[in-house]
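Biologist: I would like a close look at a single part of this protein, set out carefully and with its surroundings.

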Amino acid sequence: MKTIWIIIFSLSVISCNKSKSFSLDKETAKILKMHHAQREYHFNKDSIAFANQLSKNFISVNKGEISKPTKEATIARYNNYFSSVEFVKWDDVSEPLIKFSDDGTLAYTIVDKVVTITYKNENDSLVEEETRFAWTAIYKKYGDEWKIDHVASTNKPSVKTLIED
C-alpha cells in the first residue's frame, strides 16, 4: 500500500511540474492576426479597437519616455492622430519576428515597418511624410486572450515632401 501512495505522490508532483502545452502555430496565428489588424485600425481610424488590444497594465517606451497611459488617454491620443492624417502606407518591411515563452503565456514581436501619411501643414499645404519604425511588443495571455502589455518603439527621422502648395 505504501508503494502505491509513493507512486501516486510521484505522479502528482510530475504532473504539477509539467508546463501547460500550447500550439505554436495556433498562437502565432493569433498574434499575427492582432498585428495585421493594427493596419486596419490605422486606415479605418479606429482608435477604440486599437486601444482594446492593450492590457490594463500597458506600458509604453517611446521618444525617451516611459508612460502608462489609460485606455481613455490612448483613445484620445489616437483619435487626435487619426483625425489629422491620411494613411498611404502602413506596411511591414518584413514579417514580424515572433517568439514565445516556454509556457506560452508571453510572446513578443519585433516589427520593422514603413508608414507614409499625408496631412495639411500650418500653411494648409499637403505634405507627405514617410517614417521607418521599429518596435518590440510584448504580449501576455489573459485567459485565452492575448493583450499587448508593453511596446518599446523607435523611428528613423522622417522624410517630408511637399505635395501641393
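Which side chain does E86 meet in a salt bridge, and how many Å lie between N and O? Please take that pair as the starting point and then work outwards from there.

Modeller: The model is a predicted one, and in it the side chain of E86 meets that of K45 in a salt bridge, with 3.0 Å from N to O. The two partners belong to distant parts of the chain, since E86 sits in strand β3 whereas K45 sits in the loop between α2 and α3, and 41 residues separate them in sequence. E86 counts as partly exposed because its relative accessibility is 47%, and K45, at 27% relative accessibility, also falls into the partly exposed class. In general, side chains of opposite charge can pair when their charged atoms come close.

Strand β3 takes part in another such pair, in which the side chains of D91 and R39 form a salt bridge at 2.9 Å, again from N to O. Here too distant parts of the chain are linked, with R39 in helix α2 and D91 in strand β3, 52 residues apart. R39 is partly exposed, given a relative accessibility of 35%, and D91 is partly exposed as well, with a relative accessible area of 27%.

Helix α2 also provides E27, which forms a salt bridge with K141, the closest N and O atoms being 2.9 Å apart. Because K141 lies in strand β6 (residues 126-142) and E27 in helix α2, this pair ties together parts that are 114 residues apart in sequence. Both K141 and E27 are buried, a class that requires a relative accessible area under 20%. Salt bridges with shared partners join E27, K30 and K141 into one network, and a search of the whole structure finds seven salt bridges.

The elements that carry these pairs also bear on helix α4, since the cover over the buried residues of α4 includes α2 (24-43), α3 (47-52), β1 (54-62) and β3 (86-92). Those buried residues are T74, I75, Y78 and F82. Viewed down the axis of α4, they fall within an arc of 95 degrees, so they line one face of the helix. The face turned away from this buried side carries the exposed residues E72, R77, N80 and S83. As for its length, helix α4 has 14 residues (71-84) and should span 20 Å at 1.5 Å a residue, which agrees with the 20 Å between its end C-alpha atoms.

Beyond this part, a nonpolar surface patch of about 380 Å² is formed by L97, L106, Y108, I110 and I138. Strand β5 (residues 106-120) gives the largest share of that patch, namely three residues, while L97 lies in strand β4 (residues 97-100) and is partly exposed because its relative accessibility is 41%.

For the protein as a whole, there are four helices and eight strands, which follow one another along the sequence in the pattern α-α-α-β-β-α-β-β-β-β-β-β. Of its 165 residues, 32% count as buried, and the accessible surface comes to about 10900 Å², 55% of which belongs to carbon and sulfur atoms. Among contacts with a separation of 6 or more, 61% are between residues 24 or more positions apart, and the pair with which we began, E86 and K45, is separated by 41 residues.

How values were computed. Residues are numbered from 1 along each chain as its sequence is written. This is a predicted model: local features need pLDDT of at least 70, side-chain atom pairs count only at pLDDT 80 or more; totals for chains, interfaces and linings use all residues. Side-chain values use heavy atoms; hydrogens and water are left out. Helices (H or I, at least four residues) and strands (E, at least two) are DSSP runs, numbered from the N terminus. Buried means under 20% relative accessible area, exposed over 50%, partly exposed in between (1.4 Å probe, protein chains only). Contact means heavy atoms within 4.5 Å. Accessible areas come from the Shrake-Rupley method with a 1.4 Å probe; for residues, only the protein chains shown count as cover. The expected span of a helix is 1.5 Å times one less than its number of residues. The arc is that of the directions from the helix axis to the C-beta atoms. Patches are made of residues with over 30% relative accessible area and no salt bridge: like charges are joined within 9 Å, nonpolar side chains (Val, Leu, Ile, Met, Phe, Trp, Tyr) within 5 Å. A salt bridge is a side-chain nitrogen of Lys or Arg within 4 Å of a carboxyl oxygen of Asp or Glu.
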